[in-house]
Amino acid sequence: MNDEIIESPAAFSTEDVLHMQRALQLAAHARDAENEVPVGAVLVQGGEIIGLGWNRNITLHDPTAHAEIQAMRAAGEKLANHRLSGATLYVTLEPCSMCAMAMIHARIDRVVYAAADPKTGAAGSVFDTLISERHNHRIDVAGGLLAEESASLLRDFFRARR
């Protein structure tokens, strides 16, 4: 894991915890309402929620319909802007490369994720996409907030499918 990734619970605010709890609710919704992989995302700017998302790949027949993308699309529509500067994205699973690059293009300031993704994580587990010096924009990353709750949702979901 990259040294720039924060994993200490003390590094998270009460607001961080509340937004991640909402993201976990959205992940449960993805599982329960749409039989999707339980991943949820909440996008916040200036203390206001500007976008919500949950995985909808299967439902929408769209490989890009990850929770993070859904939240960014909702925020872009709400703000009538493709730039989301000053925003923090809370997501229950470490973003993949596709989502990470979309966040960079959107100019998101910060990403807080719950469970790490040791197979495709692009926020420090496998790739360092969000903080790479190769990009003209880097994102502050904090991982591990309510990680066990998120990991449990994912584990239970995949166990039930086997």
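Is Asn35 buried, partly exposed or exposed? Asn35 is partly exposed, with a relative accessible area of 47%; buried denotes under 20% relative accessible area, exposed over 50%, and partly exposed the range in between (1.4 Å probe, protein chains only).

The model is predicted: local features require pLDDT of at least 70, side-chain atom pairs count only at pLDDT 80 or more, and totals for chains, interfaces and linings use all residues. Residues are numbered from 1 along each chain as its sequence is written, and side-chain values use heavy atoms, with hydrogens and water left out.

**View 1. Loop residues with positive phi: Asn35 and Ala80.** Asn35 lies in the loop between α1 (14–34) and β1; helices (H or I, at least four residues) and strands (E, at least two) are DSSP runs, numbered from the N terminus. The phi of Asn35 is near 55°, a positive value in a residue other than glycine. Ala80, likewise not a glycine, has a positive phi of about 55°. Ala80 is found in the loop between α3 and β3 and is exposed, with a relative accessible area of 72%. Most residues other than glycine have a negative phi.

**View 2. Strand β1 and its hairpin with β2.** Of the 6 residues of β1 (residues 40–45), 5 are buried, and the strand is mostly covered. Strand β2 (residues 48–54) runs antiparallel to β1 and is joined to it by 6 bridges; two strands count as paired if DSSP finds at least two bridges between them. Gln45 stands opposite Glu48 in β2. The hairpin has 2 residues between the strands, and Gly46 takes a positive phi near 60° there.

**View 3. Strand β3 between its partners β1 and β4.** Strand β3 (residues 87–93) is mostly covered, with 7 of its 7 residues buried. Its pairing with β1 is antiparallel and extends over 5 bridges. In this pairing, Leu43 stands opposite Leu89, and Val44 stands opposite Thr88. With strand β4 (residues 110–115), β3 pairs in the parallel sense, also over 5 bridges. The bridge partner of Tyr90 in β4 is Val112. Helix α4 (residues 97–106), together with β3 and β4, makes a right-handed β-α-β unit; a crossover is right-handed if, with the strands pointing away from the viewer, the path from the first strand over the helix to the second runs clockwise.

**View 4. Lys78 and its contacts with residues 48 to 50.** Lys78 lies in helix α3 (residues 67–79). Its relative accessible area is 49%, and Lys78 is therefore classed as partly exposed. Leaving out residues up to four places away in sequence, Lys78 touches Glu48, Ile49 and Ile50, where contact means heavy atoms within 4.5 Å. The side chains of Lys78 and Glu48 are joined by a polar contact of 2.9 Å. A polar contact is a pair of N or O atoms within 3.5 Å; within protein, one must be able to donate a hydrogen and the other to accept it, and residues adjacent in sequence count only if both atoms are side-chain atoms. Lys78 and Gly51 are 27 residues apart in sequence, and their C-alpha atoms are 7.9 Å apart in space.

**View 5. Ser150 and Ala114, two buried residues in contact.** Ser150 lies in helix α5 and counts as buried because its relative accessibility is 1%. Apart from neighbours within four places in sequence, Ser150 is in contact with Leu24, Thr92, Leu93, Ala114 and Ala115. Ala114 lies in strand β4 and, at 1% relative accessibility, also counts as buried. Under the corresponding sequence exclusion, the residues touched by Ala114 include Met20, Val91, Thr92, Ala147 and Ser150. The C-alpha atoms of Ala114 and Arg155 are separated by 14 Å, with their positions 41 residues apart along the chain given as the spacing.

**View 6. The largest pocket and its lining.** About 290 Å³ of space lies in the largest pocket. On a 1 Å grid over the protein atoms alone, a pocket is an open set of points with protein on both sides within 12 Å along at least five of seven lines, and lining residues have an atom within 4 Å of a point. Grid points are joined across faces, edges and corners, and the volume is the space filled by probe spheres set on the points. Among the lining residues are Val37, Leu93, Asp117, Lys119, Arg155 and Phe158. Helix α5 (residues 147–161) gives the most to this lining, with 4 residues.

Technical notes:
1 Å grid on protein atoms, 1.4 Å probe; cavity = no way out; pocket = protein on both sides within 12 Å on 5 of 7 lines; lining within 4 Å.
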